[in-house]
Amino acid sequence: MIPYGMHDVGDLEEQAIVDVIRNGWLTMGPRVREFEASFSRKTGAPHSVAVATGTAALHLTMLGLEIGPGDEVITTPLTFVATANAIVQAGAKPIFADIDPVTMTLDPAAARKKVTKRTRAIMPVHYGGAPCDLNAFWKLGRSKGLTIVEDSCHAVGSSYRGLPIGGRGDAQCFSFHPVKTITTAEGAIITTRSRKLADRLRALRFHGFMEDATTRKSHGASAYPRMHLLGTKSVISDLQAALGLIQLERLEEFTRRRNELAERYTKAFAGMKALVLPTTLAETTSAWHIYVIRLDLSALKCSRDEFMEALRRENIGTAVHYLPVHLQPYYRKRFGTRPGLCPIAEAAYKQMVTIPLFPKMTDRDQDQVIEGIGRLLYYYQR
Ligand SMILES: *Cc1c(COP(=O)(O)O)cnc(C)c1O
């Protein structure tokens with residue numbers, strides 16, 4: 001079975017982990033600081049704060065921005081549940097605005113219409129690695145006094161107008177779960193240009209203790225740490241950071257291969273009328289975390305699920321990214337969200353299939369996927 005996604009962790013990573021074990025520091029320590037510095041160099045981010053998971057990164061960012069009860073955060077329905085859950089966990093209300101049908105990312109015009117007096121932030125997602133229309137969001141943020149938090153969990157290696165995602169915005173959350181473009185097994189980084197937010201995030205990931213040199217000076221290095229915020233325990237370990245340091249060195253290699261595979265798909269599928277192919281905005285590059293095709297079901301005699309099942313029989317693994325979050329049972333029950341709230345995302349959901357794309361995938365694997373899809377489109381054509 002060719003999976004839809006797969007990490008690439010090799011001998012260098014193994015060696016780096018063994019080194020950490022032999023050197024004796026296991027949890028958050030010097031490797032984590034190196035990993036943060038290395039991520040800042042790669043992205044141009046003034047501050048990088050490493051945490052346990054992408055989910056924690058999003059949650060801590062809400063807490064770091066003091067977003068909570070009474071506040072609203074506008075986000076996309078076409079995302080992993082963790083995006084919206086972070087807003088709810090912080091005590092705020094998620095407001096879903098529809099997506100742009102071309103990039104599948106949050107539509108700035110739709111988001112603008114949902115801004116109220118309670119809105120504090122907008123949380124777009126760089127869906128599949130394709131950057132959202134950041135300039136439009138930054139402009140909207142400036143004009144309304146809102147923070148733009150980019151869920152960048154798909155976008156390690158993506159760029160916007162010539163610069164890496166993560167270097168310029170208010171806050172960006174990157175995940176290093178194995179299915180993403182680089183991995184630390186579990187782990188994440190929040191980048192920000194705000195010193196204040198970075199300091200708060202460092203406290204929030206470790207019980208609310210401020211890592212503040214001036215406090216250390218006045219109280220002595222051995223003084224019991226002062227807790228200033230109600231923090232969490234969301235640290236990443238040196239073992240994981242060691243893995244991440246190697247993966248970060250390999251990021252260009254991964255991004256190049258992912259782009260090569262995406263281009264091959266796009267070329268091979270160009271003539272297939274029943275397919276809508278993924279598109280990225282001008283002046284952006286995608287890290288191609290996932291490659292999502294959409295089926296024109298009016299031209300086919302099968303449903304999306306039947307198409308996926310037929311691919312499975314050809315040993316081709318697929319997935320659906322995602323059931324729109326506002327249609328999840330919890331959201332329907334708690335916030336009363338219903339079908340019809342975001343019609344573009346709902347229609348896209350019914351058509352979408354994520355097909356295999358990962359750096360270790362061979363051209364032969366990919367040819368098998370292309371042939372399989374071509375055959376099924378012919379078989380199911382109306
Ligand atoms: C993976 C993912 C997350 C959560 O990241 P974890 O590291 O798995 O906690 C959040 N948002 C999006 C869009 C993701 O794809």
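## The shell around the ligand

In this predicted model, helix α3 is the element that gives the most to the shell around the ligand, with 3 residues. Two elements give two or more residues to this shell, namely α3 (54-64) and α4 (81-89). The shell holds 15 residues, and those that come nearest to the ligand are G54, T55, H154, S175 and K180.

By class, the shell around the ligand consists of 8 polar, 5 nonpolar and 2 charged residues.

## Polar contacts and cover

Several side chains place polar atoms beside the ligand. S175, one of the residues that come nearest, has a polar side-chain atom 2.7 Å from a ligand oxygen atom. The side chain of D151 has an N or O atom at 2.8 Å from a nitrogen atom of the ligand. For Y322, an N or O atom of the side chain is 3.5 Å from an oxygen atom of the ligand.

On its own, the ligand has 380 Å² of accessible area, and the protein covers 93% of this.

## The pocket that holds the ligand

The ligand takes up the space of the second largest pocket, which contains about 290 Å³. A total of 21 residues line this pocket, and F80, A82, C153, S175 and K180 are the ones nearest its centre. S175 and K180 are also among the residues that come nearest to the ligand.

Helices α3 and α4 are the elements that give two or more residues to the pocket lining. The contribution of α3 is the greatest, at 3 residues. Sorted by class, the lining of the second largest pocket comprises 10 polar, 8 nonpolar and 3 charged residues.

## Enclosed cavities

Rolling a probe the size of a water molecule over the atoms reveals where empty space remains. Across the whole structure, the search finds 3 cavities of 30 Å³ or more. The largest cavity has a volume of about 130 Å³. Its lining is formed by 15 residues, with T103, Y127, A130, P278 and W288 closest to the centre.

The lining of the largest cavity divides into 8 nonpolar residues, 6 polar residues and 1 charged residue.

Terms used
Residues are numbered from 1 along each chain as its sequence is written. This is a predicted model: local features need pLDDT of at least 70, side-chain atom pairs count only at pLDDT 80 or more; totals for chains, interfaces and linings use all residues. Side-chain values use heavy atoms; hydrogens and water are left out. A residue is near a molecule or strand if one of its heavy atoms lies within 4 Å of it. A polar contact is a pair of N or O atoms within 3.5 Å; within protein, one must be able to donate a hydrogen and the other to accept it, and residues adjacent in sequence count only if both atoms are side-chain atoms. Accessible areas come from the Shrake-Rupley method with a 1.4 Å probe; for residues, only the protein chains shown count as cover. On a 1 Å grid over the protein atoms alone, a cavity is a set of points where a 1.4 Å probe fits but cannot get out, and a pocket is an open set with protein on both sides within 12 Å along at least five of seven lines; lining residues have an atom within 4 Å of a point. A molecule sits in a cavity or pocket if more than half of its atoms lie within 2 Å of its grid points. Helices (H or I, at least four residues) and strands (E, at least two) are DSSP runs, numbered from the N terminus. Ala, Val, Leu, Ile, Met, Phe, Trp, Tyr, Cys and Pro count as nonpolar, Asp, Glu, Lys and Arg as charged, and the others, Gly among them, as polar. Grid points are joined across faces, edges and corners, and a volume is the space filled by probe spheres set on the points.
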